Amino acid sequence: MSSFTYIASPYSHEDPTVMRKRFSAVLDYTAECMKAGEIVYSPIVHNHPVAQRVELPVNWEFWKRIDFTFLKLAGELRVLCIDGWERSTGVHDEMAYAKELGIPIRMIDPTKPVAIMQEGKDHIEKFLNDLDEINPGTKKTFEQLIDRLNTSDFLKEAMKKNDSK
């Protein structure tokens, strides 16, 4: 089983200021995850400085092969739902590739601190383990349900409605 999480986020844009803001947002999220003890990889955080330094292309066609090489080794794909993620070809391709490979996908609200999410995740994990002792197989069923919910259009629509408030 893979031991790291791949963080997808939008990046390319005609306005360099938007690209810098996107880089900054995913950098902050990646740093929070690392501070919480997680092993994560963000192609934007890792590659933005390299691309800027030696003027590499910033389009998805150039980065797809590189990003997919890392994604296929990941244990989870997280989509950081910052402005532009719904329209990002790269994010959608990463989600489709993860789904094809059976890699769980989780949509991340960037306004929620990682420590709070981790604490909630720990409580749920304990609850599911306790429940699984009483009724074996329950944890696996819940995990499959959560994976389906994370990749469903229902969750995406709910997040859009929440963002418009």
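**Entry 1: Tyr97 and the rings**

I looked up Tyr97 first and found it buried, because its relative accessible area of 17% falls under 20%. I note here that the model is predicted.

I then counted the aromatic pairs and arrived at 5. I examined one of them, Trp60 with Phe68, and recorded it as edge-to-face, with 5.8 Å centre to centre and 65° between the planes. Trp60 is buried at 14% relative accessibility, and Phe68 is buried with a relative accessible area of 15%.

Phe68 also pairs with Tyr97; I recorded these rings as stacked, 4.1 Å centre to centre and 5° between the planes. I located Phe68 in helix H3 (residues 60–71) and Tyr97 in helix H4, so this pair ties together parts that are 29 residues apart in sequence.

I also found a cluster, in which ring pairs link Tyr6, Tyr41 and Phe70.

**Entry 2: Glu76**

I turned next to Glu76, which is found in strand S3 (residues 76–80). Is Glu76 buried or exposed? I noted it as buried, because its relative accessibility is 13%, under the 20% limit.

I asked which side chains make polar contacts with that of Glu76. The side chain of Thr5 does so at 3.3 Å, and the side chain of Arg106 does so at 3.0 Å. Glu76 and Thr5 are 71 residues apart in sequence, yet I found their C-alpha atoms 4.9 Å apart in space.

Leaving out residues up to four places away in sequence, I listed the residues that Glu76 touches: Phe4, Thr5, Tyr6, Ile103, Pro104 and Arg106.

**Entry 3: Ile103**

I followed the contact between Glu76 and Ile103. Ile103 lies in the loop between helix H4 (89–101) and strand S4 (105–108). I entered Ile103 as buried, with a relative accessible area of 9%.

With neighbours within four places in sequence set aside, I found Ile103 in contact with Leu71, Lys72, Ala74, Gly75, Glu76, Leu77 and Ala98. For Leu71 I also noted the C-alpha separation from Ile103, which is 8.9 Å, with their positions 32 residues apart along the chain.

**Entry 4: Phe142 and the surface**

Finally I looked at the surface. Where does Phe142 lie? I found Phe142 in helix H6 (residues 138–150). I recorded Phe142 as partly exposed, because its relative accessible area of 34% lies between 20% and 50%.

Phe142 forms a nonpolar surface patch with Leu145 and Ile146. I noted about 270 Å² of accessible area for these residues together.

Methods:
Residues are numbered from 1 along each chain as its sequence is written. This is a predicted model: local features need pLDDT of at least 70, side-chain atom pairs count only at pLDDT 80 or more; totals for chains, interfaces and linings use all residues. Side-chain values use heavy atoms; hydrogens and water are left out. Helices (H or I, at least four residues) and strands (E, at least two) are DSSP runs, numbered from the N terminus. Buried means under 20% relative accessible area, exposed over 50%, partly exposed in between (1.4 Å probe, protein chains only). Contact means heavy atoms within 4.5 Å. A polar contact is a pair of N or O atoms within 3.5 Å; within protein, one must be able to donate a hydrogen and the other to accept it, and residues adjacent in sequence count only if both atoms are side-chain atoms. Patches are made of residues with over 30% relative accessible area and no salt bridge: like charges are joined within 9 Å, nonpolar side chains (Val, Leu, Ile, Met, Phe, Trp, Tyr) within 5 Å. Accessible areas come from the Shrake-Rupley method with a 1.4 Å probe; for residues, only the protein chains shown count as cover. A salt bridge is a side-chain nitrogen of Lys or Arg within 4 Å of a carboxyl oxygen of Asp or Glu. Rings of Phe, Tyr and Trp (its six-membered ring) pair if their centres lie within 6.5 Å; planes under 30 degrees apart count as stacked, over 60 as edge-to-face and the rest as tilted.
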